[in-house]
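Subject: Structure for your review

Dear colleague,

Please find below the structure that I am handing over to you. My findings follow directly after it.

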2 protein chains.
Amino acid sequence: MTLEKTPKPTESELEILQVLWQHGASTVRLVHEELSKTKEVGYTTTLKLMQIMAEKGMLEADKTSRSHIYRPLLEEEKTQQQLLDRFMDAAFRGSASKLVMQALGNSNTSKEELNEIRNLLDKLEGGNK
Amino acid sequence: MTLEKTPKPTESELEILQVLWQHGASTVRLVHEELSKTKEVGYTTTLKLMQIMAEKGMLEADKTSRSHIYRPLLEEEKTQQQLLDRFMDAAFRGSASKLVMQALGNSNTSKEELNEIRNLLDKLEGGNK
DNA sequence: TTCCTTTTACGAAAACATTCGTATATACTT
DNA sequence: AAGTATATACGAATGTTTTCGTAAAAGGAA
């Protein structure tokens, strides 16, 4: 089995991935327009970043038409999990419960979402000592 | 009220803060020894980082004795909250529940901790629609 | 004192990440 | 076809973070 090094998207790369995860495969133009909603950034900057990401194997470019279409090669949930693991270690010394408590305590989560979490807790308590 | 810019410790800086939060004010030597347990790093590298952090106002150095003693000026919980907010936006598009579900689903959290979280949920459901 | 060890000071290199100017190609409009 | 708009290619500048070599200062041991 080949050792797969876990990719570590930078902050800017993650922004781009988010757009692609949300919208599906897209042109640089579309991604750039989405990013422009939140921050000032030049078109060629976005282009360059996406080209670099393609080199790194995070994206794949379909070059058949003039406007290349980029598709994310990283799965959203898997990537989130990897980022989360790293973040939990770095910021909370690995304590999931501390992280969760702070995440819940300081954000308005809807009743529905809280219920979802409660259900997960029920399921988990089954298997834990 | 003076505008307090939220500090953004880098990854290395955060590692140092963790040591100081855990052990309390310490010398470069101690911090360096702790870091060395997990990774290869030169002593002067650690020193330099801590000096930079002092310049930035993250640490305060007591220079009365030859081995300076560094004290963290950032509060642990407050800093964690700020990092968490940023991370939640960047990696989970701001969804606390998604983050929480993934954090719980993929880590063995003890029954006691799960109960703590359940209690928090109970308290939260009171105030939410 | 002299030698050895530990510490801080300083500056610069190395490694990454981000940004963008300019050139060139491709398509669209008139 | 000529002119305009939009795309990619390329390379380099800029910015940030991390690393460490070297020197000087301070302290301890012989």
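In this predicted model, chain A is assigned two domains: domain 1 covers 11–72 and domain 2 covers 76–125. The centres of domain 1 of chain A and domain 2 of chain A, taken over C-alpha atoms, are 28 Å apart.

Chain B can be superposed on chain A by a rotation of 179 degrees with 0.0 Å of shift along the axis, giving an RMSD of 0.1 Å. The two copies are therefore related as by a two-fold rotation axis. Both copies use the same surface, as 100% of the contact residues of chain B recur in chain A. Within chain B, the residue whose C-alpha comes closest to the rotation axis is B:Val100, at 2.8 Å.

As to DNA strand C, 17 residues surround it, and the nearest are A:Thr10, B:Arg29, B:Tyr43, B:Arg66 and B:His68. By class, the surface near this strand has 9 polar, 5 charged and 3 nonpolar residues. Of the strand's atoms within 4 Å of the protein, 63% belong to sugar or phosphate, and the rest to bases.

Three individual contacts may be of interest to you:

- The side chain of A:Ser12 places an N or O atom 2.9 Å from a phosphate oxygen of DNA strand C.
- A polar backbone atom of A:Gly42 is 3.4 Å from a phosphate oxygen of DNA strand C.
- B:Arg66 has a polar side-chain atom 2.6 Å from a base oxygen of DNA strand C.

The elements that give two or more residues to the surface near DNA strand C are helix H3 (43–55) of chain A and, from chain B, helix H2 (28–38) and helix H3 (43–55). H3(B) gives the most, with 5 residues.

Yours sincerely

How values were computed: Residues numbered from 1 in each chain as written. Chains lettered and ligands numbered in written order. Predicted model: local features only at pLDDT ≥ 70, side-chain atom pairs only at ≥ 80, totals over all residues. Heavy atoms only, no water. Least-squares fit on C-alpha atoms with pLDDT ≥ 70 in both. Contact = heavy atoms within 4.5 Å. Domains from an automatic or database assignment. Near = heavy atom within 4 Å. Polar contact = N/O pair within 3.5 Å; in protein donor to acceptor, adjacent residues only side chain to side chain. Helix = DSSP H or I, 4+ residues; strand = E, 2+ residues; numbered from the N terminus. Nonpolar A, V, L, I, M, F, W, Y, C, P; charged D, E, K, R; others polar.
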